[in-house]
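The following note sets out points for consideration on the structure shown below. It proceeds residue by residue and then turns to the core and the cavity.

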Amino acid sequence: DRRYESNRSDLYGLVASGSRVSDSGSWVAGVEAYLDEVSSRRSEENLVDGQVTVLTPRFPDGSEIERFALFGNTERYVSERNILSGGLRVSHENVSLPATPVSVAASVDVTDTSGDIGWIFNASEDWQVVANAGFGFRAPNVFDLGTLGNRPGNRFNIPNPELDSERVIQFDAGVRYSGDRARFELMVYTLDYSDRITSVLTGDVTPEGRDVVQSVNAADSTIRGFEGGAGFDISDAISVDAVLNYTWSEQRVPGSPAEPGDRIPPLSGRLNVGYDAGGDVRLDAWLRFAGEQDRLSARDAGDIRIDPNGTSGWGILGARGTWDVRGGWQFMLGIDNVLDKRYRVHGSGLDAPGRNFMVSLRKTW
């Protein structure tokens, strides 16, 4: 058998807004409207006799999402060193799904608000402190409500027209430094989700041996992490830049013990060394790396794209040289994954490329 599938989403949108900038701050306000139309078809051809059978599509064919929102945001200079900002959005969403051979027609209406408030403190010419807090929601979409049939991880998904919105409260804070030869930034953040949509086992199994699952508002999740970056000009020609990221998560479903969150990346980062003396030639060399991720949810551990023992850590080296030739020509020669390391980005379904050579020639005028 050969299976054919076609999925399409046509999005039409209209946004109208007004804004103003003055010596005391700025503001923006507006309205937006969107219509998202989904078409989905699936069929199967018998390669022996050529007979074609129409199958249940991945999404209910003809599904629609209507979105309408009013929004506003303002930023005010409340003193010489302090800046406050805030925003509010009122949204209405309607999701309508037609009936299919395996599900009844469904319609979900959601009206809710989201907002945020921020603070910037300029401690000196070089140092800055920033903080933000916000709340929001995510209404269920066609993927949540009507993803049908076979799914990765040996699952078979059945629809749930009773889904409600996810909600989140978030906070982040950090410091920034920008001097003549050094730059530094460190941000810490936390997100707390409630009524999160998650896929749960129903206890049933299809005749083909797939676990039957359904999306429900059952999970509460906590995400914590930090993002750090630094840059140094060692000399007028040599610079070093580094980035380091870390995320930790835990999710809870009533009646089950807490477990790690889904698809959470491990500790990862990048180190780049650059040479630019202001001439025609520039050089770059980099190290990209990620640590081991063995904190897996039950869903991750059962996904064939993820090793049940976790994803191994990895590190790769690369380099690039760029030459600006006269007449607007530019020549670039580079190599990535110099040591031909075999690795996989956590949550990805494919091993990353091996040793990779790059050559380019550009002309600008």
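1. The model is predicted, and the comments begin with S297. Leaving out residues up to four places away in sequence, S297 touches Q251, E259, P260, G261 and D262. S297 belongs to the loop that runs between β16 (281–290) and α2 (298–301). Is S297 buried or exposed? Its relative accessibility is 1%, so S297 counts as buried, given that the term applies under 20% relative accessible area.

2. Two residues in one loop deserve a check of their backbone angles. N337 lies in the loop between β18 (329–336) and β19 (356–363), and D340 lies in the loop between β18 and β19 as well. Phi of N337 is near 55 degrees, a positive value in a residue other than glycine. D340 likewise has a positive phi, of about 55 degrees, although it is not a glycine. Most residues other than glycine have a negative phi.

3. The solvent accessibility of these two residues may be read alongside their angles. N337 counts as buried because its relative accessibility is 2%. D340, with a relative accessible area of 41%, is partly exposed.

4. The next point concerns V130, which lies in strand β7 (residues 127–138). With a relative accessibility of 3%, V130 counts as buried. Which residues does V130 touch, not counting residues up to four places away in sequence? They are W119, I120, D172, A173, G174, R176 and M187. For one of these, W119, the separation between C-alpha atoms is 5.7 Å, and the two residues are 11 residues apart along the chain.

5. How many salt bridges does a search of the whole structure find? The search finds 23 salt bridges. One of the pairs is R138 with E166, where the closest N and O atoms are 3.1 Å apart. R138 lies in strand β7 and E166 in strand β10 (residues 166–178), so this pair ties together parts that are 28 residues apart in sequence. R138 counts as partly exposed, at 31% relative accessibility, whereas E166 counts as buried, at 9% relative accessibility.

6. A further salt bridge joins R183 and D233, with the closest N and O atoms 3.6 Å apart. Because R183 lies in strand β11 (residues 182–205) and D233 in strand β12 (residues 211–233), the pair ties together parts that are 50 residues apart in sequence. R183 counts as partly exposed at 31% relative accessibility, and D233 is partly exposed with a relative accessible area of 25%.

7. R176, one of the residues that V130 touches, also takes part in a salt bridge. Its partner is E185, and the closest N and O atoms of the pair are 3.3 Å apart. R176 counts as partly exposed at 31% relative accessibility; E185 is partly exposed too, with a relative accessible area of 34%. Elsewhere, R263, D300, D303 and R305 are linked in a network of salt bridges.

8. The largest nonpolar core comprises 13 residues, and those with the most contacts inside it are V95, V110, V142 and L145. The elements that give two or more residues to this core are β5 (82–97), β6 (106–121) and α1 (142–146). In soluble globular proteins, nonpolar side chains tend to be buried together.

9. L145 merits separate mention. Apart from its neighbours within four places in sequence, L145 is in contact with V95, L97, V108, P140, P159, N160, P161 and L163. Among these, V95 is also one of the core residues with the most contacts inside the core.

10. The final point is the cavity. How many cavities of 30 Å³ or more does the structure hold? There is one cavity of that size, and the largest cavity has a volume of about 60 Å³. The residues that line the largest cavity are P60, L97, P98, S103, V104, A106, L145, P159, N160 and P161. By type, this lining divides into eight nonpolar, two polar and no charged residues. L145 thus links two of the points above: L145 is among the core residues with the most contacts inside the core, and L145 also lines the largest cavity.

Note on methods: Residues are numbered from 1 along each chain as its sequence is written. This is a predicted model: local features need pLDDT of at least 70, side-chain atom pairs count only at pLDDT 80 or more; totals for chains, interfaces and linings use all residues. Side-chain values use heavy atoms; hydrogens and water are left out. On a 1 Å grid over the protein atoms alone, a cavity is a set of points where a 1.4 Å probe fits but cannot get out, and a pocket is an open set with protein on both sides within 12 Å along at least five of seven lines; lining residues have an atom within 4 Å of a point. Grid points are joined across faces, edges and corners, and a volume is the space filled by probe spheres set on the points. Ala, Val, Leu, Ile, Met, Phe, Trp, Tyr, Cys and Pro count as nonpolar, Asp, Glu, Lys and Arg as charged, and the others, Gly among them, as polar. Helices (H or I, at least four residues) and strands (E, at least two) are DSSP runs, numbered from the N terminus. Buried means under 20% relative accessible area, exposed over 50%, partly exposed in between (1.4 Å probe, protein chains only). Contact means heavy atoms within 4.5 Å. A salt bridge is a side-chain nitrogen of Lys or Arg within 4 Å of a carboxyl oxygen of Asp or Glu. A nonpolar core is a set of buried Ala, Val, Leu, Ile, Met, Phe, Trp, Tyr and Cys residues joined through side-chain atoms within 4.5 Å.
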